[in-house]
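Biologist: Could you take me through the disulfides in this protein, one at a time, and then show me what else sits around the chain? I'd love a close look with the cut-offs spelled out.

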Amino acid sequence: MRRRVTPARRTGAAGAALVLCSAGVLLGVAATPAQAAEVSFATHCVPPAGIDPVDGTTKVEITAPATAKVGDTVDIVWKFVQAASKNPDIIDLPANSVQPSGVLKAAGAQAADIAMQGPRQNPAIPKGGDMVLSDMKGTLKLTTAGEVTLTPDAYTVNAMSTDTKCTPKETVQKAATIQVTPGSGGTSSSSPTQSATPTKSATPTGGTGQTDFPGKEVQVPYACKTPIGDKNATSPVQINAKKNGGDYDLTVQFKKSVMNSPADIPKDSVKPSMEVVLGGADKGTVHVEGPTNAQPIKSGDPIEIPDLTGTYKPGASGTSTLAPGVLTIKALGTTTTCTPEKSLVSLTLDTAQQPGGASGGTSTSGGSSSTGGTSSGAGGLAETGSGDHGALKALGLVAGTAILLGAAVFTFMPKRRTR
C-alpha cells in the first residue's frame, strides 16, 4: 500500500533542508577567510647544458588569506596544477628527487618578491609521465593597508643536480588578492619558510645580549666555469653567526649539493671553501672553509658540502650584510670555482668596529686569508682556480659528460615527436 505524503510532511522536509542549508552558510561565514585561484600562462623554459629551450603552459593555484592586518605575516601556497613539461622518454625519475623553487610577485599597496620553495617530494615519475611538483610555500609580512595582489613569476625545477629555469612569456594575471586593514603590529608566523625581505638578525650593540643570529636561506645561482664551457647550478645557502666578544663565528650551510661526482673520489680528497661577501657599512670578504670528505664518494653521487666556518671581525660600525660569495671546491688535484650570478643577502648584523677588522683590510680564518675591499656586487668577486689546467680539463670533460646526462632529464616533451 503506497503511503501518501501530506503537504504538512512536504513542508517539514523543505523546512529541515532550509535549516541545514542556512547552517552551512553560517559555518562558511564563520570560517577563516582564505582564497585559492588558478591561473595559467605561457612559459619559456631553459634546460641546462645547452639543451634547446622549450615553450609550454604552466597552471598554478595560489592560496592566501582573503583579509589580514598590517603587521601580520601571512602564509602563501603555490600549487602546481600543471607543470610546463613531461618527463622525457629517457629515464625514470625516482621518488623524492625533484624540487621546485620560484618567485611570487606582490603588488598594489605593497610590492615585494616573495621567495617560494617546495620540498624535494614527488612520486616516482616514469618516462613520458607528467612532471609532479610539490607545493611551494612562502611568507609575506604585510606593511601597508590596502589591496595586495599576488602573481606567479619565474620558477626553477631542480633534479639530479641540474636546474631548468622557466619564465613567463606573457603578462600573468593576478592569482589572489589580500585586503589589508590597518593594525597595531599583528602576529608573526612561526613558519620556517623564507620571507620576502632579508632577515635582520642581530640587535644593535648594547642591546638584549643576543648571541645567536640565524640568517635567511637564499637560492644562490652559481656559474661554474670549466674548459668546456659554463655550467650553472642553484643551491640554497644559509649564513649563521654566533657572537664571540666583538667578533662573529660564521657557519655557512649548503642545503643541497651543487654538483655530482664525475668519478670515484677517496676520502679526505675534497676541500670546500668560500669567500663571504660583506656589504652595507662594512666591505671586504670573510674566508670560510670546511673539512675534507670523511667518506669516499662514488661516481654519480652528490658532492655534499659540509658546514663552512670562519671568523668575521667587523671593520665598521653600523648595519652590515653578509652574502654567499665565490665557492671553491678542490678535489683530485683540481680546483672548481663557482661564482654567484647575483649577490643575495642571507644575514644582516648591527656591528661595532674591531681593531684590524674586515673593512678595507684582510679577514683571516684557519690560516687562509682573503684581501678585503671587494664590493657586495657579484661582478666584483675575484675568481681563483688551479694552475694545473691539464688535470682541470680532464676533470671538466668527465664532469661535463655527467652534467649532460643529468640534464637530459629536463628535455621537455615536444608537442609532436621528432626523429
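Modeller: Happy to; here are the disulfides, after a short word on the chain and before some side-chain neighbours.

This is a predicted model, in which local features need pLDDT of at least 70 and side-chain atom pairs count only at pLDDT 80 or more, while totals for chains, interfaces and linings use all residues. Residues are numbered from 1 along each chain as its sequence is written, and side-chain values use heavy atoms, with hydrogens and water left out.

The protein chain has two helices and 23 strands; both are DSSP runs numbered from the N terminus, helices being H or I with at least four residues and strands E with at least two. Of its 419 residues, 44% are buried, where buried means under 20% relative accessible area, exposed over 50%, and partly exposed in between, with a 1.4 Å probe and protein chains only. Among contacts with a separation of 6 or more, 72% are between residues 24 or more positions apart; a contact means heavy atoms within 4.5 Å. The exposed area comes to about 20300 Å², with carbon and sulfur atoms supplying 55% of it; areas come from the Shrake-Rupley method with a 1.4 Å probe, and for residues only the protein chains shown count as cover.

Now to your disulfides. The structure holds two, a disulfide being a pair of cysteine sulfur atoms within 2.5 Å. One of them joins Cys 45 to Cys 166, with 2.3 Å from S to S. This pair links distant parts of the chain, since Cys 45 is in strand S1 (residues 34-46) and Cys 166 in strand S9 (residues 162-168), 121 residues apart. The link of Cys 45 and Cys 166 is right-handed, with 115° about the S-S bond, and both cysteines are buried.

The other disulfide joins Cys 224 to Cys 338, at 2.0 Å from S to S. Here too distant parts of the chain are linked: Cys 224 belongs to strand S12 (residues 218-226) and Cys 338 to strand S20 (residues 334-340), 114 residues apart. The torsion about the S-S bond of Cys 224 and Cys 338 is about 105°, so this disulfide is right-handed. Cys 224 counts as buried because its relative accessibility is 8%, and Cys 338 does so at 1%. If you number the bonded cysteines in sequence order, the pairing reads 1-2, 3-4.

Next, the aromatic rings. The whole structure has six aromatic pairs; rings of Phe, Tyr and Trp (its six-membered ring) pair if their centres lie within 6.5 Å, and planes under 30 degrees apart count as stacked, over 60 as edge-to-face and the rest as tilted. One of the pairs is Trp 78 with Phe 80, which is tilted, at 5.6 Å centre to centre and 45° between the planes. Phe 80 also pairs with Tyr 155, edge-to-face, at 5.1 Å centre to centre and 70° between the planes. Phe 80 lies in strand S4 (residues 73-82) and Tyr 155 in strand S8 (residues 146-159), so the pair ties together parts 75 residues apart in sequence. Trp 78, Phe 80 and Tyr 155 form one aromatic cluster. Trp 78 is buried, Phe 80 is buried with a relative accessible area of 9%, and Tyr 155 counts as buried at 2%.

Last comes a histidine. His 287 is found in strand S16 (residues 284-289) and is buried, with a relative accessible area of 7%. Its side chain makes a polar contact with the side chain of Glu 275 at 2.8 Å, and another with the side chain of Glu 289 at 2.9 Å. A polar contact is a pair of N or O atoms within 3.5 Å; within protein, one must be able to donate a hydrogen and the other to accept it, and residues adjacent in sequence count only if both atoms are side-chain atoms.
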